[in-house]
Amino acid sequence: MLKTALKPRWILTLILVMALAAVFVLLSQWQFSNSRQQGPEAPAATETVRPLTGVIAPGSPLTGTSADQMVSAEGQFLPGTRLLVRERLQDGREGLWLISAFAVDGAPGSTAEAGGEAQEPVVIPVVHGWVPDAGAAARVPELTGPAALTGRLLPAEGPVAADPVEGQVAALATAELVNVWDRPSYAAFIASASITVDGEAVPVPAPLAAVEVAPQPQERPVNWLNIFYAVEWVVFAGFAFFLWWRLVADDYRRSLEDDEDDEDGVGNQDEEPAAAGAGSTRNDFDNDTASDEPAAAVPAEADDDGAARPGATHPTEAGTRE
C-alpha cells in the first residue's frame with residue numbers, strides 16, 4: 001500500500017489535503033479565540049481619567065472596552081436642554097435622573113474643529129443626579145456657561161415606547177435625544193462625578209443626589225456556539241485525511257484485483273495445451289488397442305444350393321468335432 005501512496009497523483013492529493021486541513025485548523029483557532037467574549041477593561045484602566053475625544057467619536061457605538069471609562073471633557077451646558085428620565089432607582093427608591101446637553105469642545109464635526117465655521121456643536125448627555133420627583137428637580141439651579149467635567153462614560157439606552165410627558169423621557173436614548181435637542185450627539189452619556197464652572201467646583205445641590213456607577217464586573221462569558229464551530233473545523237480537517245486514505249486504499253485494492261485477474265489468465269492459457277495433448281494420447285492408445293484385438297469370426301452364409309462359402313464351417317463338421 002505504501003507503493004500506491006507514493007504515486008505522484010496521491011502525493012499531490014496529500015499536499016492539497018494538508019493545505020486544506022491547515023485552513024481548517026486556522027478557522028478552528030479563530031473560533032476558539034472568539035469563544036470568550038471581550039469584557040470590559042480592568043478597573044485600573046477604567047479609573048484612569050482620559051479625554052472624551054480620545055475614547056469615542058460622535059456617532060460611533062460605545063464598545064465594551066470603552067464602557068465604564070472615566071473621562072473628562074470641556075465645553076458648556078446648553079440652556080433649555082434639561083430633561084428628566086423616568087423610572088430610575090436610587091437606594092431602592094424610584095425617582096428621576098436630571099440630564100442636560102453638554103457641548104464638547106474639540107469634538108469631531110464641532111465648530112471648534114471646523115475652524116470657526118458655523119456648525120451645530122456635538123453634544124453628549126450628562127447626568128447631574130437623581131431626584132425623587134419632578135417638583136424637586138424644579139428647585140435645582142440650572143448650570144450654564146463654560147464648564148469642565150469628569151464622569152463615567154456609559155452606553156446609551158434604547159428608545160422605549162411610553163406616554164409622552166412634557167420635559168420627561170422614558171429612556172436615556174441618544175437616538176431620541178438627537179430629535180429632542182436637534183443637535184448631533186455622541187452615542188453614549190456621562191454620569192458626572194465632578195463639575196467645574198469658571199474654575200470653581202460646583203457641589204451637588206439638594207435635593208439632587210449624585211448618581212454613583214461602579215465599574216462592571218470583570219467577567220468574560222463563554223460563547224459555546226463558537227466552541228462548537230471550532231471543534232467542527234477540527235473534525236473537517238481529520239475527515240480530509242481520512243478521505244485521502246480511503247481513496248489510496250481503494251486504488252491499492254483495485255491493483256490487487258487486477259494482478260489476480262492477470263495471474264488467472266496466464267494459468268488458463270497453460271492448461272489448455274496440456275489438456276489437448278492428453279486427449280490425443282488417449283485416442284492413439286485406444287486406436288492401437290483396437291488394432292491388436294483379433295477379428296471376430298464371421299459366420300459363413302450358405303448359397304441357395306446348400307453349399308457353404310469358403311471359410312464357412314459346416315454344421316455337420318461342427319457336430320462331429322464336438
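Biologist: Which residue in β4 does phenylalanine 77 stand opposite?
Modeller: In this predicted model, β2 (residues 70-77) and strand β4 (residues 93-104) pair in the antiparallel sense, over three bridges. Within β4, the residue that stands opposite phenylalanine 77 is phenylalanine 102.

Biologist: Which residue in β6 does serine 72 stand opposite?
Modeller: Strand β6 (residues 145-155) runs antiparallel to β2, and eight bridges join the two. Serine 72 is also the bridge partner of proline 51, and strand β1 (residues 50-51) pairs with β2 in the parallel sense over two bridges. In β6, the residue opposite serine 72 is threonine 150.

Biologist: Are the ring planes of tryptophan 97 and phenylalanine 189 stacked, edge-to-face or tilted?
Modeller: The count of aromatic pairs comes to eight, and in one of them the rings of tryptophan 97 and phenylalanine 189 have their centres 6.1 Å apart. This pair links distant parts of the chain, since tryptophan 97 lies in strand β4 and phenylalanine 189 in strand β8 (residues 188-197), 92 residues apart. Planes under 30 degrees apart would count as stacked and over 60 as edge-to-face; the planes here are at 55°, so the pair is tilted.

Biologist: Is phenylalanine 189 buried or exposed?
Modeller: A residue counts as buried under 20% relative accessible area. Its ring partner, tryptophan 97, is buried with a relative accessible area of 13%, and arginine 88 lies over the face of that tryptophan, at 4.9 Å from the ring centre. Phenylalanine 189 has a relative accessibility of 3%, and therefore counts as buried.

Biologist: What separates tryptophan 233 and phenylalanine 236 along helix α6?
Modeller: An α-helix has 3.6 residues a turn, so residues three or four places apart point the same way. Tryptophan 233, with a relative accessible area of 22%, is partly exposed, as is phenylalanine 236 with 34%. Being three residues apart in helix α6 (residues 224-292), tryptophan 233 and phenylalanine 236 are separated by about one helical turn.

Biologist: Which residue do ring pairs link with Trp233 and Phe236 into a cluster?
Modeller: Tryptophan 233 and phenylalanine 236 themselves form an edge-to-face pair, with 5.6 Å from centre to centre and 80° between the planes. The further member of the cluster belongs to α2, where it is among the buried residues, which also include Trp10 and Val17. The residue that ring pairs link with Trp233 and Phe236 is Phe24.

Biologist: How far apart are the end C-alpha atoms of helix α2?
Modeller: Helix α2 (residues 8-35) has 28 residues, and at 1.5 Å a residue it should span 40 Å. The distance between its end C-alpha atoms agrees with this expectation, being 41 Å.

Definitions and conventions:
Residues are numbered from 1 along each chain as its sequence is written. This is a predicted model: local features need pLDDT of at least 70, side-chain atom pairs count only at pLDDT 80 or more; totals for chains, interfaces and linings use all residues. Side-chain values use heavy atoms; hydrogens and water are left out. Helices (H or I, at least four residues) and strands (E, at least two) are DSSP runs, numbered from the N terminus. The expected span of a helix is 1.5 Å times one less than its number of residues. Buried means under 20% relative accessible area, exposed over 50%, partly exposed in between (1.4 Å probe, protein chains only). Two strands pair if DSSP finds at least two bridges between them. Rings of Phe, Tyr and Trp (its six-membered ring) pair if their centres lie within 6.5 Å; planes under 30 degrees apart count as stacked, over 60 as edge-to-face and the rest as tilted. A charge sits over a ring if NZ of Lys or CZ of Arg is within 6 Å of the ring centre and within 35 degrees of the ring normal.
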